[in-house]
Each structure stands twice: as structure tokens, then as C-alpha cells.
Amino acid sequence: MNLRLPGITTKAEFILFLEFCYCDRLVSPVTGAQILTLKHICQVLGLATLTQYFDSLAQHVRNKLESELLRDFEAKLMQQLSASGHTLDASSGALAPLSNLASEQTEQLRRSVQDLFESVKFNFNQLDNPAVV
């Protein structure tokens, strides 16, 4: 028997959705792109609460990736500055927040976040307390 739902074309993610419904949690690691597909499935099925859950889960993953990449970027900047003999003090502003990065660097960071979001698998242990591994 084939079950066809409008707008749902990926069998693997639909199986993840069924697994989520049965187990009340994501059992196997998923990518951010799969989370967005699960969100889409919930939208198509009219499951507003689950749609919001997967939307917040996707945003949590994006924020975590962005903060980790920004921290790595700042560490690399510190390393480059110390290797070139410069010293940093807290008031120098050398470690600019994301909003102060050059637009090219900001775009590169966003592309990196998107690439990781689509490829890296995350393991969420509990429904109420998503833990990124």
C-alpha cells in the first residue's frame, strides 16, 4: 500500500517522522536539513506544535553552530595576532562580534554554518532537552 501526502517526497525523513511519533523522540542522529524536512512534514499534516518544536530545534542547531564557528574564528584571529607579535587588551576591540565582522567574513561564516547544518548529524537525547553532540 502506498500512502501519498502532498509536498512530502522523502521517504527517509517520513520514516524519521514516524519513528519520532512512535518513540516520542529522535532516536537516530539527524542533520539540520532533516530537521527542516521533519518540520515541513508536520506543517503538511497540520501539526502546529510539532512544527514549532522542529523550527525551534533547527534554530537551536543554527545558533550553536554559529557560536562555535565564531568562537573558532576568534581563536584563530587571536593566534594570528599573537604570532605576529601584537598584544590584545579587552578594550582594543580586536575580537569583534559577528555584527562587526566584514561582510565577506560574515557571508563566509553563514555559508559554513549552512554547510554544517546540512551535513553534520546531531543526536538529540530527549524531546524536552535537546543536546547537541
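In which strand does Thr31 lie? Thr31 lies in strand S1, and this residue offers a convenient point of entry into the fold. The structure is a predicted model, in which local features need pLDDT of at least 70 and side-chain atom pairs count only at pLDDT 80 or more, while totals for chains, interfaces and linings use all residues. Residues are numbered from 1 along each chain as its sequence is written, and side-chain values use heavy atoms, with hydrogens and water left out.

The chain has 4 helices and 2 strands; helices (H or I, at least four residues) and strands (E, at least two) are DSSP runs, numbered from the N terminus. Along the sequence these elements follow the pattern α-β-α-α-α-β. Of the 133 residues in the chain, 26% are buried, where buried means under 20% relative accessible area, exposed means over 50%, and partly exposed lies in between (1.4 Å probe, protein chains only). The accessible surface of the chain comes to about 8,800 Å², and 53% of this surface belongs to carbon and sulfur atoms; accessible areas come from the Shrake-Rupley method with a 1.4 Å probe, and for residues only the protein chains shown count as cover. Among the contacts in the chain with a separation of 6 or more, 62% are between residues 24 or more positions apart. Contact here means heavy atoms within 4.5 Å.

Thr31 itself is buried, with a relative accessible area of 7%. Leaving aside neighbours within four places in sequence, Thr31 is in contact with Phe117, Glu118, Ser119, Val120 and Lys121. Before strand S1 (30-31) comes a loop that connects it with helix H1 (11-23), and Asp24 is found in this loop. Asp24 has a positive phi of about 65° although it is not a glycine. Most residues other than glycine have a negative phi.

The helix pairs can now be taken in order. The axes of H1 and H2 come within 9 Å and cross at roughly 75°; axes are lines fitted to C-alpha atoms, for helices over the stretch in contact, and angles run from 0 to 180 degrees between N-to-C directions. H1 is therefore roughly perpendicular to H2, given that angles under 35 degrees count as roughly parallel, over 145 as roughly antiparallel, 65 to 115 as roughly perpendicular and the rest as oblique. Glu13, Phe14, Leu16 and Phe17 of H1 form the contact with Gln34, Thr37, Leu38, Ile41, Cys42 and Leu45 of H2. These residues divide into 7 nonpolar, 2 polar and 1 charged; Ala, Val, Leu, Ile, Met, Phe, Trp, Tyr, Cys and Pro count as nonpolar, Asp, Glu, Lys and Arg as charged, and the others, Gly among them, as polar.

Helix H2 (residues 32-45) also packs with H3: their axes come within 8 Å and cross at roughly 165°. H2 and H3 are therefore roughly antiparallel to each other. Their crossing is left-handed, meaning that the near helix is turned anticlockwise from the far one by less than a right angle, whereas clockwise would make it right-handed. From H2, Ile35, Leu36, Leu38, Lys39, Cys42 and Gln43 meet Leu50, Thr51, Phe54, Asp55, Leu57, Ala58, Val61 and Arg62 in H3. The residues of this contact comprise 9 nonpolar, 2 polar and 3 charged.

Several residues of these two helices merit individual attention. Lys39, in helix H2, is buried, with a relative accessible area of 18%. Not counting residues up to four places away in sequence, Lys39 touches Thr51, Phe54 and Asp55. Tyr53, found in helix H3, counts as buried at 16% relative accessibility. Tyr53 and Lys39 are 14 residues apart in sequence and 8.0 Å apart in space, C-alpha to C-alpha. Leu57 lies in helix H3 and is buried, with a relative accessible area of 2%. From C-alpha to C-alpha, Leu57 and Gly32 are 8.6 Å apart, with their positions 25 residues apart in sequence.

Helix H3 (residues 48-83) packs in turn with helix H4 (residues 103-119), at an angle of about 130° and with the axes 9 Å apart. H3 and H4 are therefore oblique to each other, and their crossing is right-handed. On the H3 side, Ala58, Val61, Arg62, Leu65, Glu66, Leu69, Leu70 and Phe73 meet Gln105, Leu109, Ser112, Val113, Gln114, Leu116 and Phe117 in H4. The residues of this contact divide into 10 nonpolar, 3 polar and 2 charged.
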